[in-house]
Amino acid sequence: MRWEDLDRENCSLARTLSVVGDRWTLMVLRECFLGQRRFEQFEGRLGIARHVLADRLKKLTEAGVLARTAYQERPRREEYRLTEKGRDLHAAMLALIQWGDKYMAGEEGPPIERVHKACGHVMETVPVCSECGEPVSARDVTVRAGPGAGEDTLPRTAHGR
């Protein structure tokens with residue numbers, strides 16, 4: 001499997017990584033979820049090289065994760081807004097951040113707390129089953145071939161062979 005061919009793999013994770021599997025891309029997305037929208041804001045907050053930032057924003061826009069919208073006409077200036085596809089990455093970002101808060105934060109604790117607007121409490125992301133509502137961990141999940149599966153989608157041990 002070659003990195004540049006991930007988008008053609010019959011694997012949802014590989015296809016997802018073809019869009020967001022780069023550290024700068026994830027950092028740009030972090031900034032989007034923190035409310036940043038403009039090139040100069042991303043550049044200033046991340047300290048990223050202009051050409052690298054332009055490349056990541058172009059890739060996210062082409063993938064439909066971000067949309068460019070004008071906020072000024074003369075001179076024309078545009079900003080980047082999360083699309084529905086982009087906002088749907090929020091749960092994945094929260095899971096990564098929560099892992100980092102648990103294993104990578106300093107002794108002082110996490111640098112940012114996430115507060116649920118509805119109840120006002122600091123929250124943690126808890127994966128639950130969409131059908132029964134029970135919390136789910138890796139040990140609670142098994143896999144099986146789905147409708148888009150190919151011959152090599154699952155390793156032989158996962159097929160039970």
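**Legends to close-up views**

**View 1. Ser 18 touches Leu 6, Asp 7 and Lys 59, leaving out residues up to four places away in sequence.** The model shown in this and every other view is predicted. Ser 18 belongs to helix α1, which covers residues 12-20. With a relative accessibility of 18%, Ser 18 counts as buried, because buried means under 20%. One of its contacts, Leu 6, is 12 residues away in sequence, while the two C-alpha atoms are 5.4 Å apart in space. A polar atom of the Ser 18 side chain lies 2.6 Å from the backbone oxygen of Arg 15.

**View 2. The buried residues of α1 are covered by elements that include α2 and α4.** Ala 14, Ser 18 and Val 20 are buried in α1. Among the elements that cover the buried residues of this helix, α4 comprises residues 50-62. Ser 18 itself touches Lys 59.

**View 3. Thr 25 lies in helix α2, residues 23-33.** Is Thr 25 buried or exposed? Its relative accessible area is 1%, so Thr 25 is buried. When neighbours within four places in sequence are set aside, Thr 25 is in contact with Val 19, Val 20, Arg 56 and Leu 60. One of these partners, Val 20, is a buried residue of α1.

**View 4. Trp 99 and Tyr 103 form a tilted aromatic pair.** The structure holds two aromatic pairs. In the pair of Trp 99 and Tyr 103, the ring centres are 5.4 Å apart and the planes stand at 45 degrees, and the pair is therefore tilted. Both residues lie in helix α6, residues 90-103. Because Trp 99 and Tyr 103 are four residues apart in that helix, about one helical turn separates them. An α-helix has 3.6 residues a turn, so residues three or four places apart point the same way.

**View 5. The charged end of Arg 38 sits over the ring of Tyr 71.** The distance from this charged end to the centre of the Tyr 71 ring is 3.5 Å.

**View 6. Arg 50 and Glu 43 are joined by a salt bridge between their side chains.** The N to O distance of this salt bridge is 2.8 Å. A search of the whole structure finds 12 salt bridges. Arg 50 has a relative accessibility of 48% and counts as partly exposed. Glu 43, at 21% relative accessibility, likewise counts as partly exposed.

**View 7. A salt bridge links the side chains of Glu 62 and Lys 58.** The distance from N to O is 3.9 Å. How many residues apart are Glu 62 and Lys 58 in helix α4? The two residues are four residues apart, about one turn of the helix. Both Glu 62 and Lys 58 are exposed.

**View 8. Arg 76 and Glu 73 meet through their side chains in a salt bridge.** Nitrogen and oxygen are 3.1 Å apart in this salt bridge. Glu 73 counts as exposed, at 53% relative accessibility. Through salt bridges that share partners, Arg 68, Glu 73, Arg 76 and Glu 78 are joined into one network.

**View 9. The sulfur of Cys 129 has the sulfur of Cys 132 as its closest cysteine sulfur.** Why is there no bond between Cys 129 and Cys 132? The two sulfur atoms are 3.8 Å apart, which is too far for a bond, because a disulfide requires cysteine sulfur atoms within 2.5 Å. The structure as a whole holds zero disulfides. Cys 129 is partly exposed, with a relative accessible area of 28%. Another cysteine, Cys 11, also counts as partly exposed, at 33% relative accessibility.

**View 10. The chain that frames the close-ups contains seven helices and two strands.** Read from the N terminus, its elements follow the order α-α-α-α-β-β-α-α-α. The C-alpha trace spans about 65 × 40 × 30 Å along its principal axes. Of the 161 residues in the chain, 22% are buried. Among contacts with a separation of 6 or more, 34% join residues 24 or more positions apart.

Technical notes: Residues are numbered from 1 along each chain as its sequence is written. This is a predicted model: local features need pLDDT of at least 70, side-chain atom pairs count only at pLDDT 80 or more; totals for chains, interfaces and linings use all residues. Side-chain values use heavy atoms; hydrogens and water are left out. Buried means under 20% relative accessible area, exposed over 50%, partly exposed in between (1.4 Å probe, protein chains only). Contact means heavy atoms within 4.5 Å. A polar contact is a pair of N or O atoms within 3.5 Å; within protein, one must be able to donate a hydrogen and the other to accept it, and residues adjacent in sequence count only if both atoms are side-chain atoms. Rings of Phe, Tyr and Trp (its six-membered ring) pair if their centres lie within 6.5 Å; planes under 30 degrees apart count as stacked, over 60 as edge-to-face and the rest as tilted. A charge sits over a ring if NZ of Lys or CZ of Arg is within 6 Å of the ring centre and within 35 degrees of the ring normal. A salt bridge is a side-chain nitrogen of Lys or Arg within 4 Å of a carboxyl oxygen of Asp or Glu.
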